[in-house]
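Hi,

Here is the structure I promised to pass on. My notes on what turned up follow below.

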Amino acid sequence: MEQLGNELEKVLKAGIGAVATGVEKTKEAIESLAQKGEPLYAQAKDAVNDAAEKIKKAVSESGIADVFSCRPRVESIIADLQEMTQEELDEIRQALEDIYPTRPASREEAPAPEAEETPDEEDSDEE
C-alpha cells in the first residue's frame with residue numbers, strides 16, 4: 001500500500017513539474033518571439049506614421065478637405081440668394097422660419113403679453 005502511495009506522489013510531482021516546465025518554456029518562447037518581432041514592429045509603426053503624414057499632406061495640398069467640409073461657404077450662398085426671385089426668397093424665408101422659429105433676441109424686444117380680462121373687468125365694461 002505504501003508503494004502505491006509513493007507512486008501516486010511521484011505522478012503528482014511529475015505533473016506539477018510538467019506544468020512548471022511548460023510555463024517556463026512558454027515564457028521563454030514568448031520572450032524569444034517578442035525579441036524577433038520588435039524590429040518588425042518598429043518598422044511597421046514607422047511605415048504607418050509615414051503613410052499617415054503623406055496622406056495628411058496630400059489632403060491639405062489638394063484642398064479635398066474643403067470639398068467634404070460640412071460648413072457651406074457663406075459667400076456662395078449669398079451670391080445664390082442675390083440671383084433668386086422674390087417668390088424663391090419667400091419660400092426660403094418660410095422654410096427657415098419653419099426650421100428656426102423666430103424668437104426675440106432679448107426681453108426688451110419681446111411683445112408684451114396680452115392681458116386677459118377678468119370677470120370683474122367684463123362686468124365693469126358692461127355697466
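Helices and strands here are DSSP runs numbered from the N terminus, with H or I over at least four residues for a helix and E over at least two for a strand. Read that way, the protein runs α-α-α-α-α along its sequence, that is, five helices and zero strands. Bear in mind that this is a predicted model: local features need pLDDT of at least 70 and side-chain atom pairs pLDDT 80 or more, while totals for chains, interfaces and linings use all residues. Numbering starts from 1 along each chain as its sequence is written, and side-chain values use heavy atoms, leaving out hydrogens and water.

Helix α1 (residues 2-62) has 61 residues and spans 86 Å from first C-alpha to last, close to the expected 90 Å (1.5 Å times one less than the number of residues). α1 bends by about 35° at Gly37, with Pro39 following within four residues; the bend is the angle between axes fitted to the seven residues ending there and the seven starting there. After α1 comes Gly63, with a positive phi near 80°.

As for burial (buried is under 20% relative accessible area, exposed over 50%, partly exposed in between; 1.4 Å probe, protein chains only), 0% of the 127 residues count as buried. Ile99, for one, sits in helix α4 and is exposed, at 55% relative accessible area.

Cheers
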